[in-house]
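Trainee: Could we go through this model together? I'd like to know how each label gets earned.

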Amino acid sequence: MRRILQYAMFISLFFVGFLVLNYYLFFGMSFLLGLPMDTFFYTVMIVAALSYPLATLVERTVSNNYTRIFYTAASAWMGISFYLLFLLLAYLIVSWIVPVPRESAGILIAILVTVISAYSIYNSYNLELVELEIPLNGLKEDLKVVQLSDIHIGSVRNSGYMERIVGETIKLNPDVVFITGDMVDGSARLHKHTFKAINRLKMPVFFVTGNHETYEGMDEVFRVLEGSNLRILSGEVIDFKGVQVVGVNYSFERNHLQNTLNQLKIEKEKPSILLYHLPQELESTHAAGIDLQLSGHTHNGQMIPFNYLVKLMFPYIRGLYDYKGTKLYVSQGTGTWGPPMRLGSRCEITLINLKSSN
């Protein structure tokens with residue numbers, strides 16, 4: 001009951017904030033284009049503001065093809081509205097310096113928002129293969145690793161997308177697959193059949209939870225993944241071909257990674273890989289003697305200009321980093337969260353060729 005009340009409160013606050021945003025957007029474009037603010041204006045504005053909260057509630061109650069289309073369109077509008085907001089604010093700033101004809105500005109903003117949004121939506125459905133080579137001390141044999149992260153299976157991306165990712169992974173023929181959190185989105189109810197494509201992967205598949213698994217509820221996530229060809233690591237160390245694979249689950253607790261690593265028996269003379277959703281606490285990873293940390297979470301900001309905001313919270317936002325010999329690779333994510341849009345980032349499947357440095 002408490003969780004339901006918290007969810008209802010969040011949706012209510014979100015609707016109020018989104019209503020204010022939509023009023024500003026509709027008022028701004030009506031002002032620039034000289035459109036009347038009549039009953040039709042307010043009706044469309046309220047429908048637009050209600051779309052995402054309503055779609056979220058509907059998807060959590062009854063999910064089908066029609067509700068998923070509605071949810072996807074509402075999610076896209078959320079992204080489009082942010083682009084529209086930024087361009088309207090840019091117009092305000094420019095108009096204070098240089099006089100700009102209102103109607104011309106309105107038409108230009110409408111065209112730019114349409115082009116940017118269309119490209120962002122298209123770009124979010126492209127999968128980029130990122131390939132890199134990382135030396136690992138003490139490695140007995142070269143290993144081919146595929147990292148997937150932040151797939152966000154839910155309303156926008158479902159079983160079809162899971163099939164596509166699995167198909168691309170099979171083509172790469174890796175020795176092992178690591179999934180570093182947020183495999184589920186939390187936007188729709190979960191079903192076992194959505195993840196059945198995982199069973200087509202004949203190589204070992206290891207998974208650590210992310211924040212969205214926590215939002216969804218761990219019991220529910222474990223229920224739908226039970227019986228799949230996937231091993232969930234939660235604060236443990238396993239051996240894979242002479243490599244210590246360390247899996248640490250997501251937690252809201254402060255210094256969770258450090259506290260968990262301190263409790264694990266990690267042999268510093270052996271090669272080790274840490275799977276952890278958040279790209280942080282690299283100092284703790286180094287202190288534990290781990291050679292490589294694989295993370296995700298940031299989506300590389302997903303949409304410009306949010307990448308600048310995300311980088312303030314997570315300095316390790318994308319790509320390969322080195323801290324005193326300990327490597328960290330941060331995936332941009334294999335899916336998207338919220339708006340099915342990417343600008344300045346790509347959905348990626350990461351192929352990591354681990355090489356012996358001896």
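Mentor: Sure. Keep in mind that this is a predicted model. A search of the whole structure turns up one cavity of 30 Å³ or more.

Trainee: What makes that space a cavity, and how much space lies in it?

Mentor: The label cavity applies because a 1.4 Å probe fits there but cannot get out. About 60 Å³ of space lies in this one.

Trainee: Which residues line the largest cavity?

Mentor: Tyr71, His152, Gly154, Ser155, Val156, Asp185, Ser187, Thr336, Trp337 and Gly338. By class, that lining splits into three nonpolar, six polar and one charged residues.

Trainee: How do you know how to class Gly154 and Tyr71 in that lining?

Mentor: Gly counts as polar and Tyr as nonpolar in this scheme, so Gly154 goes with the polar residues and Tyr71 with the nonpolar ones.

Trainee: On to the helices. Why are α2 and α3 called oblique to each other?

Mentor: Helix α2 (residues 39-61) and helix α3 (residues 65-97) pack at an angle of about 140°, their axes 9 Å apart. Only angles over 145 degrees count as roughly antiparallel, and 65 to 115 as roughly perpendicular. About 140° falls in neither range, so α2 and α3 are oblique. The crossing of α2 past α3 is left-handed.

Trainee: Which residues meet where α2 packs on α3?

Mentor: From α2 you have Ala48, Ser51, Tyr52, Leu54, Ala55, Thr56, Val58 and Glu59. They meet Thr67, Arg68, Phe70, Tyr71, Ala74, Ser75, Trp77 and Met78 in α3. Those residues divide into 10 nonpolar, four polar and two charged.

Trainee: How do α3 and α4 pack, and what is the hand of their crossing?

Mentor: α3 and helix α4 (residues 102-124) pack at about 145°, with axes 10 Å apart. Their crossing is right-handed. On the α3 side, the contact is made by Ala76, Ile80, Tyr83, Leu84, Leu87, Leu88 and Tyr91. On the α4 side, Arg102, Ala105, Ile109, Leu112, Val113, Ile116, Ser117, Ser120 and Ile121 take part. By class, the contact has 13 nonpolar, two polar and one charged residues.

Trainee: What makes the second largest pocket a pocket, and what is its volume?

Mentor: A pocket is an open set of points, whereas a probe cannot get out of a cavity. The second largest pocket has a volume of about 350 Å³. Of the 17 residues lining it, Phe26, Met29, Leu35, Trp77 and Leu84 are the closest to its centre.

Trainee: Which helices supply the lining of the second largest pocket?

Mentor: α1 (2-33), α2, α3 and α4 each give at least two residues. The largest share, five residues, comes from α4. The lining has 14 nonpolar, three polar and no charged residues.

Trainee: How do you know which peptide bond is cis?

Mentor: Look at Ile304 and Pro305: a cis peptide bond joins them, with omega about 10°. Pro305 sits in the loop between β9 (292-295) and α10 (306-313).

Trainee: And what makes Asn173 worth a look?

Mentor: Its phi is near 50°, a positive value in a residue other than glycine. Asn173 lies in the loop between α5 (159-172) and β3 (176-180).

Note on methods. Residues are numbered from 1 along each chain as its sequence is written. This is a predicted model: local features need pLDDT of at least 70, side-chain atom pairs count only at pLDDT 80 or more; totals for chains, interfaces and linings use all residues. Side-chain values use heavy atoms; hydrogens and water are left out. On a 1 Å grid over the protein atoms alone, a cavity is a set of points where a 1.4 Å probe fits but cannot get out, and a pocket is an open set with protein on both sides within 12 Å along at least five of seven lines; lining residues have an atom within 4 Å of a point. Grid points are joined across faces, edges and corners, and a volume is the space filled by probe spheres set on the points. Axes are lines fitted to C-alpha atoms, for helices over the stretch in contact, and angles run from 0 to 180 degrees between N-to-C directions. Helices (H or I, at least four residues) and strands (E, at least two) are DSSP runs, numbered from the N terminus. Angles under 35 degrees count as roughly parallel, over 145 as roughly antiparallel, 65 to 115 as roughly perpendicular and the rest as oblique. A crossing is left-handed if the near helix is turned anticlockwise from the far one by less than a right angle, and right-handed if clockwise. Contact means heavy atoms within 4.5 Å.
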